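These notebook entries record what I looked up in one protein model. I begin with a term that the later entries require.

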Amino acid sequence: MINYSTCFDQELVLLLKDDDDAAFKEIYLRYDKLLLIYAYKKLRNREEAKDLVQDVFTWLWNSRKDFSLNTTLSGYLYKSVLNRIFDVVKHKGIIRKYVDSGKHYVEISNEDTDYLIREKDIALLIEKEILTMPPKMREIYTLKKKYFLSTKEIATELSLSEHTVSTQMKRALKHLKVKLGIIVLFVTVGF
């Protein structure tokens, strides 16, 4: 008798391919709640999140014979949920690119949609972190990155030394790197 709760994910995948429904149940129990939380955080709709996670597990069961895993099971499941989230977002029409007067729109491939969503997520994360900076640092950062002023122009406009402006920019960039480094990595990788 196999104790499925002590099996590694790779072992469970092999058992799943052999039509072992207990292995599938263990995979489901391990990841159902985590994937549901992940989907809910992205969609902000509990029913949609439940349906989406259920679809991923249904697909996994139906594709068990042909299923091949090139990464970790958890990574695969999270990526599957993320791809379904993108499908939901695209279906709702949240992402549309209109041409000319809006009568026509450009087809957006899954890769383009994925990129656009990630880009928007990263931009929002950066904006939130910029707002947490001290006021003077935020002002210097904004003048440099948004209005493309030189260090000398910023120093003149704010009546500061160029050295102070340069130091504040370095601190602002360090602040963003520390706060966003791991988050940006996850957003760009898609997990």
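**Entry 1. A term, and D9.** I noted that a residue is called buried when its relative accessible area is under 20%, exposed when that area is over 50%, and partly exposed in between. I also noted that the model is predicted. I then looked up D9, a residue of helix 1. The relative accessible area of D9 is 18%, and D9 is therefore buried. Leaving aside its neighbours within four places in sequence, I found D9 in contact with R30, Y31, L73 and S74. I also looked up a C-alpha distance: D9 and A23 are 14 residues apart along the chain, and their C-alpha atoms are separated by 9.4 Å.

**Entry 2. The whole protein.** I turned next to the overall composition. The secondary structure comes to eight helices and two strands. Along the sequence I read the pattern α-α-α-α-β-β-α-α-α-α. The protein has 191 residues, of which 35% count as buried. I recorded an accessible surface of about 12800 Å², with 56% of it belonging to carbon and sulfur atoms. Among contacts between residues at least 6 apart in sequence, 57% join residues at least 24 apart.

**Entry 3. C7.** I moved to the segment before helix 1, where C7 is placed. Is C7 buried or exposed? Its relative accessibility is 11%, so C7 counts as buried. Its contacts, with neighbours within four places in sequence left aside, are I2, L12 and R30. For C7 I again looked up the distance to A23: the two residues are 16 apart along the chain, and 9.0 Å separates their C-alpha atoms.

**Entry 4. Helix 1 and helix 2.** I examined how helix 1 (residues 9-17) passes helix 2 (residues 21-43). Their axes come within 8 Å and cross at roughly 140 degrees. Angles over 145 degrees would count as roughly antiparallel, and those of 65 to 115 degrees as roughly perpendicular. Helix 1 and helix 2 are therefore oblique to each other. The crossing of this pair is left-handed. Which residues of helix 1 meet helix 2? I listed D9, L12, L15 and L16 on the side of helix 1, and A23, F24, E26, I27, R30 and Y31 on the side of helix 2. By class, the residues of this contact are seven nonpolar, no polar and three charged.

**Entry 5. The loop at D19.** Between helix 1 and helix 2 there is a loop in which I found D19. Phi of D19 is near 65 degrees, a positive value in a residue other than glycine. The relative accessible area of D19 is 35%, so I entered D19 as partly exposed.

**Entry 6. Helix 2 and helix 3.** I then followed helix 2 to its packing with helix 3 (residues 46-62). The angle is about 145 degrees, and the axes are 9 Å apart. Helix 2 passes helix 3 in a right-handed crossing. From helix 2, the residues in this contact include D21, F24, I27, Y28 and Y31. From helix 3, those taking part include R46, E48, A49, V53, F57 and W61. The whole contact has 15 nonpolar, one polar and five charged residues.

**Entry 7. Helix 6 and helix 7.** Further along the chain, I looked up helix 6 (residues 135-145), whose axis comes within 10 Å of that of helix 7. At what angle do the axes of helix 6 and helix 7 cross? The angle is roughly 135 degrees. Helix 6 and helix 7 are therefore oblique to each other. Their crossing is right-handed. In helix 6 the residues that meet helix 7 are K136, E139, I140, L143 and K144, and their partners in helix 7 are T151, I154, E157 and L158. I sorted these residues into four nonpolar, one polar and four charged.

**Entry 8. The loop at S159.** Where is S159 placed? I found S159 in the loop between helix 7 (151-158) and helix 8 (162-189). Although S159 is not a glycine, its phi is positive, about 55 degrees. The relative accessibility of S159 is 67%, so I entered S159 as exposed.

Note on methods:
Residues are numbered from 1 along each chain as its sequence is written. This is a predicted model: local features need pLDDT of at least 70, side-chain atom pairs count only at pLDDT 80 or more; totals for chains, interfaces and linings use all residues. Side-chain values use heavy atoms; hydrogens and water are left out. Axes are lines fitted to C-alpha atoms, for helices over the stretch in contact, and angles run from 0 to 180 degrees between N-to-C directions. Helices (H or I, at least four residues) and strands (E, at least two) are DSSP runs, numbered from the N terminus. Angles under 35 degrees count as roughly parallel, over 145 as roughly antiparallel, 65 to 115 as roughly perpendicular and the rest as oblique. A crossing is left-handed if the near helix is turned anticlockwise from the far one by less than a right angle, and right-handed if clockwise. Contact means heavy atoms within 4.5 Å. Ala, Val, Leu, Ile, Met, Phe, Trp, Tyr, Cys and Pro count as nonpolar, Asp, Glu, Lys and Arg as charged, and the others, Gly among them, as polar. Buried means under 20% relative accessible area, exposed over 50%, partly exposed in between (1.4 Å probe, protein chains only). Accessible areas come from the Shrake-Rupley method with a 1.4 Å probe; for residues, only the protein chains shown count as cover.
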